[in-house]
Amino acid sequence: MEKLQISLAAARVNAGLTQEDVAREMHVGKQTIVNWEKGKASPSFASLQMLAVLYSIPVDNIFLPTKST
């Protein structure tokens, strides 16, 4: 069985959270969340773990977009 992967933005929406909600919980700016979701920056592993808890999904189910130039 294939592992389901979900984007950061979709995981956030499925969790019923706004970018502002996540930024507040993570103690970062909203632009940081935007950059993570668009692949302009990558969250640290610790941040990724916190996102997984917020979104109630396993870390390995989160799909991270590659950085775009």
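## Helix packing in a predicted six-element chain

From the N terminus on, the protein chain follows the order β-α-α-α-α-β, with four helices and two strands; helices (H or I, at least four residues) and strands (E, at least two) are DSSP runs, numbered from the N terminus. This is a predicted model, in which local features need pLDDT of at least 70 and side-chain atom pairs count only at pLDDT 80 or more, while totals for chains, interfaces and linings use all residues. Residues are numbered from 1 along each chain as its sequence is written, and side-chain values use heavy atoms, without hydrogens and water.

Of the 69 residues of the protein chain, 30% are buried (under 20% relative accessible area, 1.4 Å probe, protein chains only). Contacts are heavy atoms within 4.5 Å; of those between residues at least 6 apart in sequence, 61% link residues at least 24 apart. The accessible surface amounts to about 4,600 Å², with 55% belonging to carbon and sulfur atoms (Shrake-Rupley method, 1.4 Å probe).

Helices α2 and α4 pack at an angle of about 125 degrees, and their axes lie 11 Å apart; axes are lines fitted to C-alpha atoms over the stretch in contact, and angles run from 0 to 180 degrees between N-to-C directions. The two helices are therefore oblique to each other (neither under 35, nor over 145, nor 65 to 115 degrees). The crossing of α2 past α4 is right-handed (near helix turned clockwise from the far one by less than a right angle).

| Helix | Range | Residues in the contact |
|---|---|---|
| α2 | residues 19–26 | V22, E25 and M26 |
| α4 | residues 45–55 | S47, M50, L51, L54 and Y55 |

By class, this contact of α2 with α4 comprises six nonpolar, one polar and one charged residues (nonpolar: Ala, Val, Leu, Ile, Met, Phe, Trp, Tyr, Cys and Pro; charged: Asp, Glu, Lys and Arg; polar: the others, Gly among them).

Notes: Buried < 20%, exposed > 50% of the residue type's maximum accessible area, 1.4 Å probe, protein only.
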